[in-house]
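Hi,

Here is the structure we talked about. Have a look at it first, and my notes on what turned up are underneath.

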Amino acid sequence: MTTRMTINGVSTCTAAGAEKYEKFQSGIGRRKRTLVQYDYRHTDGELFSCVKPTLDECRQKRDEWLKRKEGRL
């Protein structure tokens with residue numbers, strides 16, 4: 001898999017408060033499915049990263065992560 005979001009395995013999402021995402025296909029033959037790789041850099045510098053079937057699901061997981069990080073969950 002070729003990705004524009006990483007260089008030597010390190011995320012290129014470096015700006016605080018920024019998000020980057022990219023669709024890719026995974027699987028063999030007819031069993032391929034499209035997934036979204038998602039990176040979000042928090043304003044404190046911590047990176048959140050996930051892979052889900054849709055961008056909305058990625059953002060939902062990010063929001064849950066933010067709530068846990070703020071101690072609200």
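The main feature to look for is an open sheet of three strands in the order β3-β4-β5, with antiparallel pairing (strands pair if DSSP finds at least two bridges between them; strands are DSSP runs of E, at least two residues, and helices runs of H or I, at least four, numbered from the N terminus). β3 and β5 (47-52) are the edge strands, each pairing on one side only.

A word on the source: this is a predicted model, where local features need pLDDT of at least 70 and side-chain atom pairs count only at pLDDT 80 or more, while totals for chains, interfaces and linings use all residues. Residues are numbered from 1 along each chain as its sequence is written, and side-chain values use heavy atoms, leaving out hydrogens and water.

β3 (residues 19-26) and β4 (residues 33-41) are antiparallel over eight bridges. Among the partners, Y21 bridges to Y38 and K20 to D39. Six residues sit between the strands of this hairpin, and G27 has a positive phi near 125 degrees.

Now the rings: there are two aromatic pairs (centres within 6.5 Å; planes under 30 degrees apart are stacked, over 60 edge-to-face, the rest tilted; for Trp the six-membered ring counts). Y38 and F48 are edge-to-face, because their centres are 6.5 Å apart and their planes at 65 degrees. Y38 is in β4 and F48 in β5, 10 residues apart. Ring pairs join Y38, F48 and W65 into a cluster.

Cheers
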